[in-house]
Amino acid sequence: MKFKAFVAVLALTLFASAAQARDDVLTLPLQELLDSADAKSALLDVPIYFAGQSHPEVERVKEVTTSRKTNAFNKSDEEACRWVMLSALKVLQDAAQKQGYDAVVNIRSNYKHNEFASDSEYQCGAGTFIAGAALKADLAHFADK
């Protein structure tokens, strides 16, 4: 009986460590995310511009960061990443809105403090049970307002 209990605990320990160890970094298409029905219903009416995208002239900025996690259990990596990325973008939009800024500009992925700047892709971490997105950006007040 003790041997069976030992084997069960050992199996659970091995399974848990293997499950927690997966932490893949995915690079996914940005336009697909922004064109999705989820984006249209989740995001606020605050303009967002990723690094390299043109935007009106900026008068002042404030750098901000966010790091979000979501449950990835029983979801594809792509589905979990879309969900957590939209959550992170909404946090940035909400910060701009509440602090009186016009937009969020220069958005970069910053998963595990590895900055990735692109105007067409974003990065997300995907594990067995958790997906995460971390972003750096600037809250911007446009000069022409």
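**Figure 1. The disulfide between Cys81 and Cys124****.** A disulfide is a pair of cysteine sulfur atoms within 2.5 Å, and this structure holds one. Cys81 and Cys124 form it, with their sulfur atoms 2.1 Å apart. Because Cys81 lies in helix α4 (residues 77–98) and Cys124 in strand β5 (residues 121–126), the pair ties together parts that are 43 residues apart in sequence. The link of Cys81 and Cys124 is left-handed, with -85° about the S-S bond. Cys81 counts as buried, at 0% relative accessibility, and Cys124 counts as buried at 0% too. Here, buried means under 20% relative accessible area, exposed over 50%, and partly exposed in between (1.4 Å probe, protein chains only).

A word on what you are looking at: this is a predicted model, in which local features need pLDDT of at least 70 and side-chain atom pairs count only at pLDDT 80 or more, while totals for chains, interfaces and linings use all residues. Residues are numbered from 1 along each chain as its sequence is written, and side-chain values use heavy atoms, with hydrogens and water left out.

**Figure 2. The chain and its helices and strands****.** Helices (H or I, at least four residues) and strands (E, at least two) are DSSP runs, numbered from the N terminus. The secondary structure comes to four helices and six strands. If you follow the sequence along, you meet the pattern α-β-α-α-β-β-α-β-β-β. The chain has 145 residues, and buried residues make up 39% of them.

**Figure 3. Helix α4 along its length****.** How many residues does α4 have? The helix has 22 residues and reaches 32 Å from its first C-alpha to its last. That is close to the 32 Å expected at 1.5 Å a residue, where the expected span is 1.5 Å times one less than the number of residues. The buried residues of α4 include Ala80, Val84, Met85, Leu86, Leu89 and Leu92. After the helix comes Gly100, whose phi is positive, near 80°.

**Figure 4. The largest nonpolar core****.** A nonpolar core is a set of buried Ala, Val, Leu, Ile, Met, Phe, Trp, Tyr and Cys residues joined through side-chain atoms within 4.5 Å. The largest one has 32 residues, of which Met85, Leu89, Val104, Ile107 and Tyr122 touch the most other members. At least two residues of this core come from each of β1, α2 (30–34), β2 (48–50), α4, β4, β5 and β6. Helix α4 gives the most to this core, with ten residues. In soluble globular proteins, nonpolar side chains tend to be buried together.

**Figure 5. Salt bridges that join distant parts of the sequence****.** A salt bridge is a side-chain nitrogen of Lys or Arg within 4 Å of a carboxyl oxygen of Asp or Glu, and the structure holds seven. In one of them, the side chains of Asp23 and Lys112 meet at 2.5 Å, N to O. Asp23 lies in the loop between α1 (2–21) and β1 (24–29) and Lys112 in the loop between β4 (103–109) and β5, so the pair ties together parts that are 89 residues apart in sequence. Asp23 counts as partly exposed, at 29% relative accessibility, whereas Lys112 counts as exposed, at 54%. Another salt bridge pairs Arg108 with Glu63, their closest N and O atoms being 3.2 Å apart. Since Arg108 lies in strand β4 and Glu63 in strand β3 (residues 58–71), this pair ties together parts that are 45 residues apart in sequence. Arg108 is buried, with a relative accessible area of 6%. Glu63 and Arg108 also belong to a network of salt bridges that links them with Glu115 and Lys136.

**Figure 6. A salt bridge within helix α4****.** Lys98 forms a salt bridge with Asp94, the closest N and O atoms being 3.2 Å apart. The two residues, Lys98 and Asp94, are four residues apart in α4, so they are separated by about one helical turn. Lys98 counts as exposed at 67% relative accessibility, while Asp94 counts as partly exposed at 27%.

**Figure 7. The loop residue Ser54****.** Ser54 is found in the loop between β2 and β3. Is Ser54 buried or exposed? With a relative accessible area of 68%, Ser54 is exposed. Ser54 and Asp119 are 65 residues apart in sequence and 9.6 Å apart in space, C-alpha to C-alpha.
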